Amino acid sequence: MPSHIQPEPKVQPEPKAQLRRNMQSEWQHQLKLERVGQRRGHRRRMRACLIIFFSALALASVARADTLTLANGDRLTGKIVKSDGKELTFETDYTGSATTRSITVEWSAVRQITSTAPIYVVTSQGTTVGGTATTEGADLVIAPATGAAQRIPLANVAALRSQSEQATYEGTLHPGLLNSWETNAALGFGLARGNSRTTNLTVGFNATRATLHDKVIAYMNSIYASSGTLVAPGVTAGVTANDIRGGALYQHNLRSRAFVYASGDFEYNELQFLNLRSILGAGAGYHAIKRMETTLDLFGGGNYTRESYSTGVRRNIAALTFGDTFQHKFGENSTLNQTLNFYPELSHVGEYRVAFDMGFVTKIKKWLGWQSTISDRYISDPIPGTVSNDLIFSTGFNFSWSH
């Protein structure tokens, strides 16, 4: 009986070359997957490392910050800059320039400070101790790099400086003659043409070099004005102002408050027929106010004055000198300077002279500002044909630089 079962077809074996190609393709696919996984793993590890790095950096910056706690409980982080024993300057961690971050508080309002960077503390006995600092009760504990910690009563802290302030301080101990100068120059100009023909020019210059031991001040102010306006048929006003004033002052500190000085002041004034007035003086003074934002010096002495006029008049005068110099800073951008000299004459009892100068500068940029100046000279016994008082007001741009 015939069978109805069909035999199964035989499966032909795959050729060896095709088998090798399939295996190679599978291997390449697996290799590709492994490489993709490796790249993803590298990226994950990189992200983790960056997170750890920046977190550690942030924590380290916080840990390195100095801290200031006030009597009312406010707590600030940042950098201790300096203190004169009465006020403390602290630079906060807030954004902005160092100028806008800087604050000043009364030393008596400080409850606690902690410095992570070395600071330098000057005691009332004149000794200097350097190291990291923290307050413990009524004492300031200084931990130097080597040696035992030292405890200083807060009441005995005469000064406190950061490392940068200490470097600046040490540079002022014995600066070169061309160093530590603060210089300002002012310029104002006016011109009118048409129905009025006037020309005005004002120039000012001031340079100060202050160290721990002495101070040098040099200055010059000048005004020139002319007018083409007719004052009579065929006659114009001509020169209406031509005055140049300048001088220098040297102060040498004897102690923290007392000082001696020598000065020379000179003036030319065309409308007063003054060819030259020379005032040579010397004396002693006292730093009545000596703070970061305000200074006031009172002084007195004697002077010798020589005057020469184009009219042929010559005068030699012996006189006393009494006066003051005052400076006050309004915030970080505005400064007021004032000087007053009173000269009662000894050669002619009852006669006197007064010299007054005041200037106000507001900064627009670090090197540029706007300045207004008043300069007044009064003589109780002017020569015939002149008046007693000469007042100059000028305003214009102020350019400042330091060296």
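The following dialogue explains how to read selected features of this predicted model.

Colleague: Which conventions apply to the model?

Modeller: This is a predicted model, in which local features need pLDDT of at least 70 and side-chain atom pairs count only at pLDDT 80 or more, whereas totals for chains, interfaces and linings use all residues. Residues are numbered from 1 along each chain as its sequence is written, and side-chain values use heavy atoms, with hydrogens and water left out.

Colleague: How many helices and strands are there in the protein chain?

Modeller: Helices (H or I, at least four residues) and strands (E, at least two) are DSSP runs, numbered from the N terminus. The protein chain has three helices and 22 strands.

Colleague: What percentage of the residues in the protein chain is buried?

Modeller: Buried means under 20% relative accessible area, exposed means over 50%, and partly exposed lies in between (1.4 Å probe, protein chains only). Of the 403 residues in the protein chain, 33% are buried. Accessible areas come from the Shrake-Rupley method with a 1.4 Å probe, and for residues only the protein chains shown count as cover. The protein chain exposes about 24700 Å², of which carbon and sulfur atoms supply 61%.

Colleague: How should contacts be read, and what share of them joins residues 24 or more positions apart?

Modeller: Contact means heavy atoms within 4.5 Å. Among contacts in the protein chain with a separation of 6 or more, 46% are between residues 24 or more positions apart. Gly 247, in strand E14 (residues 235–253), offers a local case. Gly 247 counts as buried because its relative accessibility is 14%. Its C-alpha is 4.2 Å from that of Asp 265, although the two are 18 residues apart in sequence. Not counting residues up to four places away in sequence, Gly 247 touches Ile 217, Ala 218, Tyr 219, Gly 264, Asp 265 and Phe 266.

Colleague: Is Leu 340 buried or partly exposed, and which residues is Leu 340 in contact with?

Modeller: Leu 340 lies in strand E19 and counts as partly exposed, at 30% relative accessibility. Leaving aside neighbours within four places in sequence, its contacts are Phe 299, Phe 322, Gly 323, Asp 324, Val 354, Ala 355 and Phe 356. Of these, Asp 324 is 16 residues away in sequence and 5.4 Å away in space, C-alpha to C-alpha.

Colleague: Where is Glu 345 found?

Modeller: Glu 345 is in the loop between strand E19 (334–344) and strand E20 (352–363). With a relative accessibility of 5%, Glu 345 counts as buried. Beyond neighbours within four places in sequence, its contacts include Ile 317, Tyr 352, Arg 353 and Asp 381.

Colleague: How is a salt bridge recognised, and how many does the structure hold?

Modeller: Side chains of opposite charge can pair when their charged atoms come close. The criterion is a side-chain nitrogen of Lys or Arg within 4 Å of a carboxyl oxygen of Asp or Glu. The structure holds 11 salt bridges. In one of them, Arg 151 pairs with Glu 136, with the closest N and O atoms 2.9 Å apart. Arg 151 lies in strand E9 (residues 150–153) and Glu 136 in strand E7 (residues 128–136), so the pair ties together parts 15 residues apart in sequence. Arg 151 is partly exposed at 48% relative accessibility, and Glu 136 is partly exposed at 40%. Arg 151 also meets Asp 139 in a salt bridge (3.3 Å, N to O). That pair links strand E9 to Asp 139 in strand E8 (residues 139–143), 12 residues apart.

Colleague: Which residues do salt bridges with shared partners join into one network?

Modeller: One pair to inspect is Glu 307 with Arg 315, whose closest N and O atoms are 2.9 Å apart. Both Glu 307 and Arg 315 are buried. Salt bridges that share partners join Asp 243, Arg 245, Glu 267, Arg 277, Glu 307, Arg 315 and Asp 381 into one network.

Colleague: What is the phi of Phe 273?

Modeller: Most residues other than glycine have a negative phi. Phe 273 has a positive phi, near 60°. Phe 273 lies in the loop between strand E15 (258–269) and strand E16 (274–290) and counts as partly exposed at 34% relative accessibility.
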